[in-house]
Amino acid sequence: MFDFNILIITVTGAVAGCLGSLLGISGGIFLVPFLILALELPVRTAVAISLMTVIATSSVASANEASQRLLNLRLGMLLQLTSTVGVLTGGLTAMVISEQAVLRLFAIISVVSAIIIFSRLGRRNVTLDPDADPGRLGGRFFEQESGGVVTYRVRRVWLGLGVSFIAGNLASVLGIGGGIITVPVLNVWCGVPMRVAAATSAFLIGITAVAAIPAYYVSGDIVGYLSAAAVLGVLFGARVGFWVGSWSRAKWLKLLLGVTLLAVSAFLFARL
């Protein structure tokens, strides 16, 4: 049974890594419910394992997306300021929040994020003129749909900063990396294209996970062999996700993100 559980965690990690790298939300949104509900691991142990996989996914994703100019490093570093503060305060929250409250909060966030995504499914947030002014935090990248270089501008930076704080706080409590909040908000309200939002979120979630891990390590919630199995699966799955994402249209990525969030939420509500 021990070896079988290791295999299950590795395979689940691969699926989580594929979807996480593809959508920029970290595989924790799939991995945490599975570890808690299917393998009956304690919530804090599941969250700790998930945070370890988030670090691995973020490292691979950031390197891959940076080479394609999808990672907005300036925006990511700015949002990281409030995200890190949120992580530090979230570590204290994780010490007192109940398991039932964690699952309920997870489900509610998934529904809200899905609604946000579906409300702007066809919006692309790009200008086809490669010479347009991107502003101080915007950028340019090659878009498959347009067949050329496109430009985008970042709006409502203050909203992104506030959401990053909330995402960081929830990331340390739920082990989900915060991407299920930052990706929809950056895409819908801050004018960031879906692929750029996903790439920048992948960069953010890795740093927030690093900040959150010490609290779980000190309390003894990190199980080494389970974390290693999950990380191996996630690294393999992330590579598959990059390949799929390279030819997928942004609209279909949004649709997949929304459907995935609703499915996870429905599964959690059914178990509450």
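Colleague: Helices (H or I, at least four residues) and strands (E, at least two) are DSSP runs here, numbered from the N terminus. Which helix is Thr-53 found in?

Modeller: Thr-53 sits in helix α3, residues 43–67. Bear in mind that this is a predicted model, where local features need pLDDT of at least 70 and side-chain atom pairs count only at pLDDT 80 or more, while totals for chains, interfaces and linings use all residues. Residues are numbered from 1 along each chain as its sequence is written, and side-chain values use heavy atoms, with hydrogens and water left out.

Colleague: OK. Is Thr-53 buried or exposed?

Modeller: Thr-53 has a relative accessible area of 2%, so that residue counts as buried. Buried means under 20%, exposed over 50%, and partly exposed in between, with a 1.4 Å probe and protein chains only.

Colleague: What does the Thr-53 side chain reach?

Modeller: The backbone oxygen of Ser-50, at 2.6 Å. That's a polar contact, meaning N or O atoms within 3.5 Å; within protein, one must be able to donate a hydrogen and the other to accept it, and residues adjacent in sequence count only if both atoms are side-chain atoms. Ser-50 belongs to α3 and is buried at 0%.

Colleague: How far is Ser-50 from Ile-222 in space?

Modeller: 9.8 Å, C-alpha to C-alpha, with their positions 172 residues apart in sequence.

Colleague: Switching topic: how many disulfides does a search of the whole structure find?

Modeller: Zero, where a disulfide is a pair of cysteine sulfur atoms within 2.5 Å. As for individual cysteines, Cys-18 is buried at 17% and Cys-190 is buried at 1%.

Colleague: And helix α7, how many of its residues are buried?

Modeller: 10 of 10, across residues 179–188. Among them are Gly-179, Pro-184 and Asn-187.

Colleague: Now the strands. Which β1 side chains point to which face?

Modeller: In β1 (residues 139–143), Gly-139, Phe-141 and Glu-143 point to one face and are buried, while Arg-140 and Phe-142 point to the other and are not. In a regular strand the side chains alternate between the two faces of the sheet.

Colleague: In what sense does β1 pair with β2?

Modeller: Antiparallel, over five bridges, with β2 covering residues 148–152. Pairing takes at least two DSSP bridges between the strands. Gly-139 has Tyr-152 in β2 as its bridge partner.
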